[in-house]
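Welcome, and please get your viewer ready for a short walk through one protein. Each stop tells you what to select and what you will find there.

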Amino acid sequence: MTMIQKLPKKCGIALLASMLLLSAGCSSTKNNTANNGNDSSSDDSSPITFSFFGADANPNWNNMQDDVGKEIIAKTGVTLDAEFDVGSGGGQDKISLMAASGQYPDIIYAKGELGKLVDAGGIIDLTDLIDKYAPNIKKVMSKSMNRMKYSKEDQAIYSIPTNVGVDEQVFDATGGFEVQLRVLKELGYPQIKTVQDFESVLKEYVAKHPTTDGQPTIPLLLNADGWKSMITVTNQAAATTGGAGDGEYYVVPETYQTMLHYKRPEEKEYFRWLNHMYNEDLLDKDSFVQKDDQYKSKISSGRVLGLTSVEWEYQDAENALKSAGKDEYTYAHFPVTMGTQYKDNSMQAIGVDGYGISISTSCKDPVRAIKFLDWLSSDEGQVLRNWGIEGKQYNVENGKRIIPDDIRNQKVNDAANFSKQTGIGLYSIFGVRYGDGVKDSTDNYYTTNFPEQIIASYSNAEKETLAAYKAKTWKDLFPAADEFPVKEWGALYNMQVPTDGDYQVIYQKTQDIVHKRIPEAILAKPADFDKLYDAFLKEMNDVGAEKMEKQYTDLVKARVSLFTGKDIK
């Protein structure tokens, strides 16, 4: 163990930041390059390998032998020896092991587990490195530097946000409630605005078609495997009742007071509706016992009529349907609520805030690492990551980047192989970036997600459906971003909470209760629902939920103060 690792976090990080100005190298390992007094090696494109861990699964990773990966190696000299989380664990087990052992890869994408690594003294404060060696990161993040700071108390930069785009404009909707395109067409494209509308469509169609390709038709399917339960089961209780998508909490906008969102009386009615769906045989009986792969297998069979999810969560299964030429079995997106008094706020802007990439105290050459991330944050790096190689994945015609039809067809209908071979989409987390709708100095968009490209990527079945609803993109069906204020507290999933003490103990207890009691209430007889739900809320308070909510409220207020400069009482 190094001297730095033995020191408490505050001292260790401060000392490390000072040492970085004197020497770029941390340890002597394979491919490490010699450093002069104040800089990384004089040849910044000489070969070097960095170890990396990503908290998301990445089944298409091709060890940088894809087109984009090869170009990155050629331009930077950097090869990533990468490991990604397996399954849907979000990196929790692996990162807990890192924090306990003090053994870290050079670069880490920790998602919501960053706090464990920071408290263990395993992450470098990037402030000085960015200032000295990362002009592209500074340029992209120039208006949002405060949003990179860890907290109001500890204003170090332990990660740079890479899963969100700066100045992002949302041009499409990929979440909400999903209904198969074939269902909508047969039923004459009915309006779907409330859960009652959604239910009626599923009920009518399954009555007409109780089987699909010889198997029982499934009206509604949920995924309750691990943390995916938040995505398809519990988050929707907030989304359908005007909640702002703040994870396990609801924030009162006027006061910043927080509560576990399950305590809102209107959300109880959403779970009552799921209980009704189950007892009407409209909710798949295996929703709370099946694994993620079983859930996706059912979707890819084409027999699931409805989902309550986001596209990335079931993307693999939908890609399988597209590859099989079953576009009509893929899904439309609707902003479904519990009633017309509520408004879906999926399009509400959060500002620049999200999960990011970090450099560990074990990194053999932090200066070279930040320069690598900075190159990927440059205009050249962003275009490469988003568009691929000119002449292969896109052409330039009359000064405009154009994706040829055959490439677009591969990208849409054979997405997994396209990603694996080209590398497009595999490197998005390795640098900051401008969001959809932002143009570079050549008057081209940085990303391929802008209205013309989005519309061109839709299947004929999607275009037919959208035309029936008098829309060009799915976003057109949703309340617009300008109907909501920018969220002052950003993305609360990215706010760091205490990693020790009462907070974590109480949080885990409440999570265990949620994972047990919500399914229990949904699967109960209707007459027992109120009793079970009320007991669920009392059980959470009994393990300390109110104390935890008070701590969380204080953190939210401090975050708003950090982001906005307001004096929050």
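Start by selecting Tyr 493, which is partly exposed at a relative accessible area of 37%. Here buried means under 20% relative accessible area, exposed over 50%, and partly exposed in between, with a 1.4 Å probe and protein chains only. Before going further, note that this is a predicted model: local features need pLDDT of at least 70, side-chain atom pairs count only at pLDDT 80 or more, and totals for chains, interfaces and linings use all residues. Residues are numbered from 1 along each chain as its sequence is written, and side-chain values use heavy atoms, with hydrogens and water left out.

**Around Tyr 493**

Tyr 493 sits in the loop between helix 19 (460-468) and helix 20 (502-522). Helices (H or I, at least four residues) and strands (E, at least two) are DSSP runs, numbered from the N terminus. Which residues does Tyr 493 touch, not counting residues up to four places away in sequence? Show Asn 163, Val 164, Asp 353, Gly 354 and Tyr 355 to see them; contact means heavy atoms within 4.5 Å. Now add Arg 401 and draw a C-alpha to C-alpha distance: Arg 401 and Tyr 493 are 92 residues apart in sequence and 35 Å apart in space.

**The whole protein**

Zoom out to the full C-alpha trace, which spans about 75 × 60 × 40 Å along its principal axes. Colour by secondary structure and you have 22 helices and 15 strands. The radius of gyration is 24 Å, close to the 25 Å from the globule rule for 569 residues, so the protein is as compact as a globular protein of that length. That radius is taken over C-alpha atoms, and the rule is 2.2 Å times the number of residues to the power 0.38.

Of the 569 residues, 54% count as buried. Among contacts between residues at least 6 apart in sequence, 76% join residues at least 24 apart. If you display the accessible surface, its area is about 23800 Å², with 50% belonging to carbon and sulfur atoms; the areas come from the Shrake-Rupley method with a 1.4 Å probe, and for residues only the protein chains shown count as cover.

**An open sheet**

Next, select strand 1 (residues 48-54), where 5 of the 7 residues are buried. Strand 1 pairs with strand 2 (residues 78-84) in the parallel sense over 7 bridges; two strands pair if DSSP finds at least two bridges between them. Follow the pairing by picking Thr 49, whose bridge partner in strand 2 is Thr 79. Farther along, Phe 53 stands opposite Glu 83, and Gly 54 has Phe 84 as its bridge partner.

Both strands belong to an open sheet of 5 strands in the order 2-1-3-13-4, with mixed pairing. Its edge strands are strand 2 and strand 4 (160-161), each pairing on one side only.

Stay on strand 2 and show its side chains. Which residues make up its covered face, and which its uncovered one? Val 78, Leu 80, Ala 82 and Phe 84 form the covered face, while Thr 79, Asp 81 and Glu 83 form the uncovered one. In a regular strand the side chains alternate between the two faces of the sheet.

**Two positive phi angles**

Move to Met 64, in the loop between strand 1 and helix 3 (67-76). Its phi is near 65°, a positive value in a residue other than glycine. Met 64 counts as buried, at 0% relative accessibility.

Then jump to Tyr 189, in the loop between helix 8 (181-186) and helix 9 (195-208). Tyr 189 is not a glycine, yet has a positive phi of about 55°. Tyr 189 is buried, with a relative accessible area of 18%. Most residues other than glycine have a negative phi.

**Last stops**

Select Gln 103, in the loop between helix 4 (92-101) and strand 3 (107-109). Is Gln 103 buried or exposed? Gln 103 is exposed, at 58% relative accessible area. Add Thr 361: the two C-alpha atoms are separated by 9.4 Å, with these positions 258 residues apart along the chain.

Finish at Thr 234 in helix 10 (residues 228-239), which is buried at 2% relative accessible area. Leaving aside residues up to four places away in sequence, Thr 234 touches Ser 229, Glu 248, His 261, Tyr 262, Phe 271, Val 514 and Ile 518.
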